[in-house]
Structures are given as structure tokens and as C-alpha cells.
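Q: Please take a close look at one part of this model, the place where chain D and chain C meet. What does each chain contribute there, and which contacts join them?

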Number of protein chains: 4
Amino acid sequence: MPTAQQASTGRRRNPATRAAILATTFDVVAELGYARLTIEKVAARAGVGKQTIYRWWPTKGALVLDAVLERSLGPGEPVDLPDTGDLEEDLTAVLVATVEEFADPAFDRALRGLTAAIIEDPELGQAYRERLDEPMRELKRRRLRRAQEVGQLDVDVDLDLAVDLIFAPVTRRWTERSGDLTPEGVRAIVRHALRGLAGSA
Amino acid sequence: MPTAQQASTGRRRNPATRAAILATTFDVVAELGYARLTIEKVAARAGVGKQTIYRWWPTKGALVLDAVLERSLGPGEPVDLPDTGDLEEDLTAVLVATVEEFADPAFDRALRGLTAAIIEDPELGQAYRERLDEPMRELKRRRLRRAQEVGQLDVDVDLDLAVDLIFAPVTRRWTERSGDLTPEGVRAIVRHALRGLAGSA
Amino acid sequence: MPTAQQASTGRRRNPATRAAILATTFDVVAELGYARLTIEKVAARAGVGKQTIYRWWPTKGALVLDAVLERSLGPGEPVDLPDTGDLEEDLTAVLVATVEEFADPAFDRALRGLTAAIIEDPELGQAYRERLDEPMRELKRRRLRRAQEVGQLDVDVDLDLAVDLIFAPVTRRWTERSGDLTPEGVRAIVRHALRGLAGSA
Amino acid sequence: MPTAQQASTGRRRNPATRAAILATTFDVVAELGYARLTIEKVAARAGVGKQTIYRWWPTKGALVLDAVLERSLGPGEPVDLPDTGDLEEDLTAVLVATVEEFADPAFDRALRGLTAAIIEDPELGQAYRERLDEPMRELKRRRLRRAQEVGQLDVDVDLDLAVDLIFAPVTRRWTERSGDLTPEGVRAIVRHALRGLAGSA
DNA sequence: TCGTAATCGAGACGGTACGTCGTGTCTTTCT
DNA sequence: AGAAAGACACGACGTACCGTCTCGATTACGA
């Protein structure tokens with residue numbers, strides 16, 4: 001894990017090696033999926049010793065999580081969700097963008113791999129929530145809070161409930177590969193979800 | 001898959017062997033999870049030759065799907081969802097029952113295993129949808145259709161959308177191990193989802 | 001080990017595979033020596049899975065012992081030592097033949113490898129003694145016994161002592177790569193050893 | 001090898017470190033044998049960096065040779081073999097003392113390790129001969145030369161042959177762990193060897 | 001009394017091999 | 001023909017060491 005602080009003496013960790021491993025991991029999971037991802041393959045393709053991977057990542061899952069994080073977050077800081085004043089439009093835009101990412105086979109497979117790993121590994125799940133899900137969720141909560149302030153959303157509703165209600169149906173259709181994921185389908189979900197969460201005004 | 005039709009001559013497939021394999025598979029996935037489930041382990045524990053498993057199931061995933069199906073559906077025929085007239089109450093009851101099943105570690109792990117397999121394997125996903133998800137979904141649609149007939153649900157709303165809006169948030173909280181899965185939490189989801197789907201009357 | 005008797009059911013051990021492994025093992029020790037002999041290399045060159053080697057031989061040493069045995073003893077039965085009536089001449093001939101075998105680099109390295117393994121592994125040492133050393137030693141004792149019968153050797157002398165006195169100096173010169181291993185050098189050893197063991201007649 | 005001459009400037013080699021490494025090496029080879037001796041283990045146990053070992057010794061074998069030399073020769077200078085006038089008695093005493101050293105498991109294993117290394121490594125063999133074997137052999141030759149002078153040994157016999165004839169059988173019984181290594185067994189070897197080498201007087 | 005040069009502990013790194021486990025196939029024998 | 005037993009080629013596991021390579025700290029000498 002990248003937070004391990006360096007001991008006072010000895011050779012230091014090579015950041016280029018770390019980057020090469022994560023980039024290769026992403027490529028391999030995008031190409032073969034999580035089940036056929038192999039530490040050995042990653043090491044070989046990255047031109048790295050296996051031990052170097054095992055030294056820094058405890059499991060395949062942790063490796064994939066870091067790889068996806070590195071690729072998703074990149075160097076920049078997280079931007080806010082759009083706020084044009086039209087809540088339904090803004091959320092639909094976000095979800096349509098998400099669906100478009102899923103349409104990229106590489107990203108699709110990488111994310112499926114990560115998800116498969118998370119379902120079976122509680123510790124990895126926690127890391128995922130803290131480092132990927134929670135930051136994104138905070139952005140969503142923020143947008144919805146603003147909607148509450150302008151009376152577009154019921155001020156009594158729990159924001160996490162609201163987020164789940166709006167976003168979970170799309171996620172489900174993706175993981176189970178069933179249901180309508182077109183822009184219209186996504187907009188219908190947002191519309192009905194928001195209707196249930198609407199402010200009384 | 002068990003639908004292979006029997007050739008005219010020679011020894012017939014032994015149903016007791018099939019049952020033993022599926023029961024053992026369920027136990028193993030419940031104990032070790034999908035990742036550490038092994039055909040060899042199943043064969044050994046079931047007192048069965050490996051070939052016997054390979055003869056009838058093409059992949060680990062197909063085996064687990066059958067094992068879960070066998071356990072879930074059991075011998076009886078699927079019953080309808082409750083219909084007391086109070087839609088929110090009925091759906092909350094169904095979801096609370098689901099959450100209670102998740103609380104059984106064996107079932108939880110078995111289902112997580114199956115889900116992990118499905119995410120990465122499109123073919124298995126299709127089999128899952130046809131044999132497990134669609135029958136359940138049909139029951140849900142049926143209940144919602146009755147709600148439409150009595151004016152509790154917008155007649156214009158797509159029933160699959162409605163099902164996703166109501167059920168997906170709970171599923172998401174389970175797979176990602178985050179969010180409120182208490183009866184109250186579940187009821188809140190149902191309430192707000194139904195508000196968005198309510199009939200205009 | 002080749003004495004394991006076959007269980008009643010299941011696939012049988014493939015004798016061709018066994019032979020390929022032993023032949024390859026001999027080649028590899030002869031080429032690289034014992035220290036750089038690798039189970040993996042043997043498996044790869046023999047076109048065999050590693051497990052197949054581990055299934056039948058517990059250690060590198062056991063493998064090399066079998067390889068040397070297979071090559072040395074071959075199919076035929078052990079022949080007697082020469083008996084022309086001239087004891088010194090006969091023994092010198094035997095030792096000169098041995099030294100000539102050592103002159104073959106392949107045999108030399110294979111035997112050095114086996115010897116290195118034996119020195120550090122008591123169990124392997126016992127196997128070596130029972131299966132290679134003792135049969136050879138019996139032939140030597142037999143020749144010396146005949147010498148006792150015709151009065152060329154002290155009848156009171158222990159035959160194992162006699163064998164050691166005659167053969168050990170040559171072996172030592174070989175293992176330590178020091179001392180005269182020419183036919184004349186070998187003959188000198190035999191002459192002086194026999195003088196110490198001579199019959200009183 | 002420790003003969004590298006010191007460059008004019010910079011920090012000098014630490015003799016305490018050298019001693020610690022050799023002492024640890026001896027302990028490790030005595031405990032685990034040569035095959036399981038590891039530079040890493042020695043470094044760790046001696047509290048020394050790996051590089052410090054690699055800087056001064058080219059191979060495991062060289063390290064073990066130095067370790068055995070350090071322990072065997074110690075600080076003092078080599079003493080002569082006993083000379084009571086009774087050659088058989090003196091040589092038997094020497095060999096019995098040797099056998100007693102072999103009885104110490106630590107020494108036994110260390111020496112076996114060294115021997116195993118030597119058998120396969122010609123260069124190491126040469127170093128061994130020059131630094132350990134030859135000095136000992138010179139002492140033996142010296143004693144035998146005195147025996148020639150007093151007519152107890154054939155003056156025409158080559159002294160190296162004589163040494164081999166007397167000492168090799170005992171060494172062989174040790175390396176192959178077979179044959180009589182009791183004082184009586186050893187004395188019998190000496191007696192018969194000397195009979196073959198006896199002076200004509 | 002500094003700077004230069006080597007030693008030394010520590011430990012990352014690219015590799016090779018270990019010995020084990022599992023895969024999916026094949027062979028043998030029994031039912 | 002179905003099934004248990006188990007050999008087999010193969011691929012990956014996670015670990016141990018190899019020998020090399022920084023690092024930073026520590027001596028020692030010579031200018």
C-alpha cells in the first residue's frame with residue numbers, strides 16, 4: 001500500500017516500478033478479466049520480479065484496486081458534479097457519462113474485475129469504499145444538498161438513501177447485464193427516482 | 001447442464017450423484033467462497049471422480065449456479081409475493097426476508113460467489129437471468145401489476161424500471177457492504193421509491 | 001522408487017515417462033553438475049510435468065541416484081571381475097577401467113554429482129550403498145575370496161578391509177583431484193596394498 | 001578471498017566483521033549442511049549486510065572453506081605428528097583422533113559440506129588442497145620419512161602413495177558412512193597398510 | 001580539519017527455482 | 001456406458017535466495 005512510510009535506511013522504493021506494475025495490471029485485467037489475471041503475467045509484462053509485487057500488494061484484489069484508482073483518479077483533483085440548476089438533467093448527464101465509460105471494453109472489464117474481487121473480500125471492500133466509492137459519493141451528496149437548498153429535493157430525506165435510489169438501478173443493470181442502459185432508460189430512472197425524493201414545494 | 005437427453009443404451013446418469021455434487025458444491029462455496037472453490041475439492045468431498053463433474057458442468061460458475069438453484073428453489077413451485085393490499089408493507093416484507101437470508105453466512109457467501117462468477121462471465125450471466133432472476137422478477141412484476149390495477153402505481157411506468165428502482169438499492173448495499181440494511185432502512189427505500197412511482201390519483 | 005506396487009485401480013505409471021526423466025537427469029547432471037541441476041530443467045527438457053517427477057522421487061538426490069543406476073547397470077546382469085589367476089593384474093585392470101570411466105566428462109560429472117548428494121544426505125547414502133556400492137563390493141569380495149582359496153591372500157584378513165585398502169586410494173585421488181591416476185600409479189597402489197594383504201605362503 | 005590487498009586510502013576492512021561472518025558460516029553449515037546454507041542466512045545471523053559477504057568471498061564454497069580453515073587451524077601453528085618410535089601406534093593415534101572429530105556432529109556436517117563443495121568445484125578443490133590438505137599431508141610425509149630413515153618403511157616407496165594407502169580407507173568409510181570406524185577397525189587398516197609398505201629389513 | 005574513498009548495514013530489485021495445488025484430459029478397472 | 005481412481009502436461013501459486021544495485025552513515029587516511 002502506498003502509505004507505508006519509508007524506513008530510515010536502505011534503498012528506496014522505485015516509483016517508476018510502481019507505476020509500471022499498476023499500468024500493466026490495468027491492461028491485463030482489461031484484456032483477460034480478473035479470473036485470468038495472474039501475478040506472474042503482470043510481473044512478466046511489466047518486466048518486474050514477482051517479489052516486487054508481493055512486497056507491496058498483499059492480494060490480487062489490492063493490486064487491481066490500486067490499478068483502477070491510478071487510472072481513474074489520475075493526477076488531478078476530483079471535480080464537482082455539474083450544476084446547471086436542472087437537477088434531472090445534471091444527474092442524467094453524469095449517469096450517461098458513466099454508462100459511456102462502461103461501453104469501453106477495457107474499462108468495463110477492469111471494473112468488473114474489481115467488483116468481482118470486492119464482493120468476496122470484505123477487507124478489499126472497505127478499501128474500495130474509503131478510497132473510491134466514498135469520494136465519489138461525497139460529490140453526489142454535495143450536488144443533492146444544493147438541490148435541497150433550492151427546494152428541489154425533500155430536506156428530510158437521507159442523502160445516502162437518495163444517492164442509492166438514483167444510482168443503484170444503473171449499477172445493477174450494468175453488473176447483471178440486463179435492462180435498459182440507453183440515455184432514455186437512464187433518464188427514466190432518474191426521473192422516477194427524483195419524483196420520489198422531490199421537495200414538497 | 002442437466003438437460004442433456006439420455007442416450008438409449010448404457011448406464012443412465014445417477015441422480016443421487018448429481019445431488020451429492022451440488023450439495024457439496026454449495027457447502028464448499030459457503031465455506032471457502034468462490035475463489036477458493038475447487039473442482040478437486042468438490043470431487044473429493046463428494047466422493048466422486050473429477051471426470052463426473054467435468055462431464056456434466058462446463059465451468060465452476062455453472063456448477064455454482066446449479067448448486068444455488070438447487071438450494072434456493074428446492075422441490076416446490078415458486079409462490080407468489082404477499083398481497084395484503086398494502087403495497088409498501090408487502091414489498092418491505094419481501095426485502096426484509098431477503099436481507100435475513102443474507103444474514104446467514106453460508107447463504108451470503110454462496111450468493112456472493114455466484115455473483116462474482118456472473119459479473120465476469122456473460123454466458124453464465126445469461127443462464128442466471130433466465131433461470132433465477134427472471135422467474136423472481138416475474139413474481140415482482142405480477143405484484144406491481146396488481147398495484148397498477150388498484151391505482152397504487154402509475155400505469156404508465158415500465159414494470160422493470162419499477163422493480164429496479166425498488167430492489168436495486170438493497171442489492172447494492174449488500175454487494176458493497178455499505179449502507180443501512182435494517183428493516184427501517186429497507187422500508188425507507190421502499191417508501192421513497194414507491195413515492196416516485198405512485199399513481200396520479 | 002521403482003518398488004512401489006501398483007494400486008488396483010486408476011491409470012498406471014508410464015514407463016516411457018520414467019525412462020525419459022532418468023535419461024534427461026543424467027544428461028543434465030553430466031552437463032551442469034549437481035548444484036545447477038534443477039527439477040524444473042529436467043521436467044522441461046524431458047517434456048514432463050514437474051509434478052510427475054515429485055510424485056516418484058522425493059529429492060534431487062534420489063533422482064540422480066536412479067539416473068546413474070539406470071545408466072550404469074543397464075539392462076544386463078552384473079558380470080564377475082576378471083580372474084586370470086594373476087590377482088595384481090586383474091585388480092589393476094579393474095581400476096584402470098574405472099579411471100577410464102572417470103575420464104569421460106559426462107560420467108565424471110554425473111558421479112561427482114551423486115557423490116556430493118550422498119555426502120550430505122544419510123538416507124540417500126544408504127540407498128546408494130544398498131543399490132550400487134554393495135553389489136559392486138560383493139563382486140570384489142568374491143574375487144578376493146578366490147584369491148584366498150589359492151593362497152594369494154591372507155585367509156585371516158577381513159574382505160571388506162581388503163576392498164577398502166585396494167580401492168579407496170584411487171577413489172580419494174579422484175574425488176580430491178590429486179595424485180597419480182595413470183595406469184602405473186594405479187598399479188603401484190594395487191601392488192603395495194596386496195603386499196600388505198598377502199598370504200603367508 | 002582475503003588476500004585482496006588494501007588500496008591506499010579509505011576505510012579498512014573490519015577484522016571483527018570477517019571473524020563474525022566465518023564463525024556464523026561454520027555454525028550454519030554445522031546446523032543445516034552445505035545445501036541449505038544460504039548467504040542471506042549467514043548475513044542475517046551475523047548481523048551483516050549481504051554485500052559485505054559478496055565483497056570478500058566469490059562463492060558459498062570459498063566462504064565455507066575459509067570458515068573451516070579458521071576453525072581448524074585456529075591461531076596456533078601446526079604441530080608435528082607424534083613420534084614415539086612405534087609407527088603403527090602413532091598413525092593409529094592420529095586416525096583415531098580424526099575419527100573422534102568426525103563424531104562431533106557440528107564438525108562432521110561442516111566437513112561434509114566442505115567436501116561436497118569441493119567435489120563439484122575444481123577451483124575450490126585446488127584452494128582446499130593448497131591451504132588445508134597439503135599442509136596436513138606434509139606433516140604425514142614427514143613422519144613417514146622418519147620411519148624410512150629408521151628402516152620401518154621401504155625407502156623406495158613414494159610417500160604420497162604411502163599416505164593415500166594409510167589414510168584414504170578411513171576417509172572413504174567416513175564419506176560413505178560404511179565400514180568399521182572403531183579404534184580397532186582403524187588399527188587394522190593401519191597394520192595391513194604398513195605391512196604393504198614395510199622396509200625389507 | 002577537511003575532503004575523498006572505501007567499508008558497512010539495510011533493503012529494493014530482476015530473476016530463477018522451489019515444492020504444492022489445481023486444471024482439464026486421459027487411461028484403467030470395476031460395475 | 002457410467003463412474004471412481006489416479007497419472008499426466010501444464011500453469012500458477014507464494015516463498016526463498018541469488019547477485020546487483022542504491023542509500024545513508026561511518027571510519028580512516030592524505031593534503
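A: Two residues are in contact when heavy atoms lie within 4.5 Å. By this rule, 39 residues of chain D are in contact with 39 residues of chain C. The model is predicted, so local features need pLDDT of at least 70 and side-chain atom pairs count only at pLDDT 80 or more, while totals for chains, interfaces and linings use all residues. Residues are numbered from 1 along each chain as its sequence is written, chains are lettered from A in the order in which they are written, and side-chain values use heavy atoms, with hydrogens and water left out.

The size of an interface is often given as the accessible area lost when the parts come together. Here the buried area (accessible area, 1.4 Å probe, lost on being put together and summed over both parts) is about 3,200 Å², 55% of it on carbon and sulfur atoms. Ile119(D), Glu120(D) and Arg177(D) supply 21% of the area that chain D buries against chain C, more than any other three residues.

Six salt bridges are counted between the two chains, each being a side-chain nitrogen of Lys or Arg within 4 Å of a carboxyl oxygen of Asp or Glu. One of them joins Asp164(C) to Arg172(D), at 3.2 Å from N to O. On the side of chain D that touches chain C, helix 6 (105-120), helix 7 (122-149), helix 8 (159-175) and helix 9 (183-197) each give two or more residues; helices here are DSSP runs (H or I, at least four residues), numbered from the N terminus. Helix 8 of chain D provides the largest share, nine residues.

How values were computed
Buried area = accessible area lost by both parts, 1.4 Å probe.
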